[in-house]
Amino acid sequence: MGIAIRHFDAVVVGAGGAGMRAALQLSEAGLKTAVLSKVFPTRSHTVAAQGGVSASLGNSEPDNWHWHMYDTVKGSDWLGDQDAIEFMCREAPKVVVELEHFGMPFDRNPDGTIYQRPFGGHMSEFGEGKPVRRACAAADRTGHAMLHALYQRNVRANTHFFVEWMALDLIRDAEGRVQGVVAMEMETSEIVVFQAKATLFATGGAGRIFASSTNAFINTGDGLGMAARAGIPLEDMEFWQFHPTGVAGAGVLITEGVRGEGGILRNSSGERFMERYAPNAKDLASRDVVSRAMVSEINEGRGCGPNKDHVLLDITHLDPEVIMSKLPGIREISIKFAGVDPIKAPIPVVPTCHYQMGGIPTNYHGEVVIQGRPVHGFYAAGEVACASVHGANRLGTNSLLDLLVFGKSSANSMIDFIKKQPEDLPELAMADVERSVARVARLDGQTNGVQVHEARAEMQRVMQAHCGVFRFKDMLAEGVDKILEVEKMVAKTEIGDKSKVFNTARIEALELENLIEVAKATMISANARTESRGAHVRDDAPDTPDTPNGRDDKNWLKHTLWFRDGNRLEYKPVNLQPLTVETIKLKARSY
Ligand SMILES: Cc1cc2nc3c(=O)[nH]c(=O)nc-3n(C[C@H](O)[C@H](O)[C@H](O)COP(=O)(O)OP(=O)(O)OC[C@H]3O[C@@H](n4cnc5c(N)ncnc54)[C@H](O)[C@@H]3O)c2cc1C
C-alpha cells in the first residue's frame, strides 16, 4: 500500500499532562518514545487548568491521605474503585513533590512550602470537619505551569515529539494484540504507521459533544473513538461533570479556586442560596451538588439578568490584592468574556460541561483491561482513561493528580512490559491499517453528503437538550433515537476542500467521527441507568429510604461498559476493596 512505517519502543498519543508525565518516565528509562499531538504540546487542554492539583501535604493545616481517599470515594458517589483511589491518594504527595523538583513554579507559603487552597468536596476528619487546604496551586494557572515544566523535562530526556500529527486508528492483530497507531501528518495529510511494542492513549476529554463546554476545541474524544472502533468498550460514559461556574453565554471556565478563596454564589435576591442546599460545605460542596442547586434556582425563577438564566459569583468582598495575586487570570477572563471587573461587580455564571468521568477501562497500573484481562500492549491514562478514581463525580484538582499518578504508573507498566518483548517488532497486521485508510478515502470520495458543521451542531444540540444537568426518562429515550439519526449523518459527511496541505476541514470531519462514538456511548449508557448517582441525575429515580436521593445500590452499584458493536451494554462490579485499609462503607451522600 506504500505507507511508511516508523518503529519505536513506545508510542504515546497525546501531549497533555498524562502523556508528558508518561513520556518522561519512558524516555528517562532509555526507551525510544514517540509522542503524537494534534497541537504543540504546551497547547494541550491541561494548559487551561486553573485551580490546582490535590495532595494531602498538610502544609497549612493537618491533612492525610486517608481523608483525601474518603473524600474521593464520597465524591465518586461510591462508584470509584477503592484500590485505584487508595493508590492515587497515597501517591499524591510523592508525585507533587517530584513535580516541584522538575521545576514546577508553585506559589509558596511564607515558610517556603507549597501554597495550598481549599476546593469543593475536600474536607477534614473523614468529611465531618471543615474544608481543608489540599489544592497545590500556581496562582490560577496551575495547569499552564505544570505542562511547561513537564515539556521542558521531556526535551531534556530526548522524547521524540510529532507535533500536529493526528492519530486515526489503533492497530490490533488477529489475536487483539495492540501494535501501534495509524496517524496523519496534518501539514501534508500523509498517512504513516507508528509501530511500537507498547501504545499509550492520553488523548484527554471529549467535552465537545455538548453545545456548551469549558473544553478546548481539540477535545474531541479521539482516543475513545479509536478504542471503540477497535472493539474496546467504554466505561461509565453516562457520567459527565458540569462545572458550576462557566461564564454565562461564553462557557469559559471560572475556577472553583474562586470559591476556594472565598467567592460566594448568589441568586436574584442576593441570597447565598448554597446554605440551603449544602449547610455544611456551602459554596464548596461537590460540583454536581452545586450545579444542580444553580439549575434549581434558575428553574424556580430566581435566576439573574433580563432572562433570569444565570446566577452570580461574587468576590467583591475580597481584598483586591488577593484577587490580583491569586486570581489574575480569572479577572482577565471575566473582563474579556463577561464584561465585568470582579473587583467591582459579581460574575454571571451557569453550569457548563467540563469533564468526562468515564473512559477506556484500565486498572491502576494503567493497563487497559477487558473482562479482567489486560489488552496486550495497550495502556491509557488521564481524562481518556477510567481507572476508575472519579466514579460518578470527580472532585476538583483530582484530575491533574490523576495525570501525574497514572501517567507515571502506566509508563512503569509499559517499561516492564517492553523489557519482556522480543527485540524485533512482529509483522504488522494490515487489516486495521487498511480500514483506517479506507475511512479517510470515504471522506475524500463522498458526494451529495452532509456538511460537517451541520452534523456536529445537531449532535451538540441533542446532547445538551437530552442529556444535561438533569435527565428525564422520556427525553433520554428520545435522545437515543436522535443520536442514532445523527450517526447516519456523520457516516455521510462531505468536505468541499479536498486539498492535502493543512486541511482543517478533513481534520474536523475525522474528529466528528470520534465525537459521535462518545455521544452514542453517553446517551445509551445514560438511558439504561435508571438511578441517580453523582453527576447522573434522573427525574424518575425514586427517593426512598433504600434509594436515598435516587441512588440504587442494590441494582446499580456497578460500572457500565458500552461496546460499539450493536451498542451492547455490559456491567462489571465496583471494586470496594482498597489495597491496605478497610473499605469506605456506603452511605447517603450529603455536604
Ligand atoms: C478549563 C479547564 C480547567 C481545568 N482546571 C482543572 C484544575 O484546576 N484541576 C484539575 O485537577 N483539573 C482541571 N481540569 C481538568 C483537567 O485539566 C483535564 O482533565 C486534564 O488536563 C486532561 O489532561 P490529559 O493529559 O488527559 O489530556 P489533555 O491535556 O486534554 O491533552 C490531550 C492531548 O492529546 C492530544 N490528542 C488528542 N487527540 C489526538 C489525536 N487523535 N492524535 C494525536 N494527538 C491527539 C492533544 O493534542 C493533546 O496533546 C480543567 C479542565 C478544563 C477544561
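I take strands here as DSSP runs of E of at least two residues, numbered from the N terminus. The model I consulted is a predicted one.

**Entry 1: Phe-563.** I looked up Phe-563 and found it in strand S21, which spans residues 558–563. I then asked whether Phe-563 is buried or exposed. Its relative accessible area is 9%, and because buried means under 20%, I recorded Phe-563 as buried. Leaving aside residues up to four places away in sequence, I noted that Phe-563 touches Gly-231, Pro-233, Arg-568 and Glu-570. I also checked Phe-563 against Ile-232: the two are 331 residues apart in sequence, yet their C-alpha atoms are 6.9 Å apart in space.

**Entry 2: Ser-388.** I examined the peptide bond from Ala-387 to Ser-388 and found it cis, with omega near -10°. I placed Ser-388 in the loop that runs between strand S18 (385–386) and helix H11 (398–419).

**Entry 3: Asp-77.** I turned to backbone torsions and noted that Asp-77, a residue other than glycine, has a positive phi near 55°. Asp-77 sits in the loop between helix H2 (65–75) and helix H3 (82–101). Its relative accessibility is 7%, so I entered Asp-77 as buried.

**Entry 4: Gln-371.** I found a positive phi for Gln-371 also, near 45°, again in a residue other than glycine. I located Gln-371 in the loop between strand S16 (367–370) and strand S17 (373–380). Is Gln-371 buried or exposed? With a relative accessible area of 61%, and exposed meaning over 50%, I recorded Gln-371 as exposed.

How values were computed. Residues are numbered from 1 along each chain as its sequence is written. This is a predicted model: local features need pLDDT of at least 70, side-chain atom pairs count only at pLDDT 80 or more; totals for chains, interfaces and linings use all residues. Side-chain values use heavy atoms; hydrogens and water are left out. Helices (H or I, at least four residues) and strands (E, at least two) are DSSP runs, numbered from the N terminus. Buried means under 20% relative accessible area, exposed over 50%, partly exposed in between (1.4 Å probe, protein chains only). Contact means heavy atoms within 4.5 Å.
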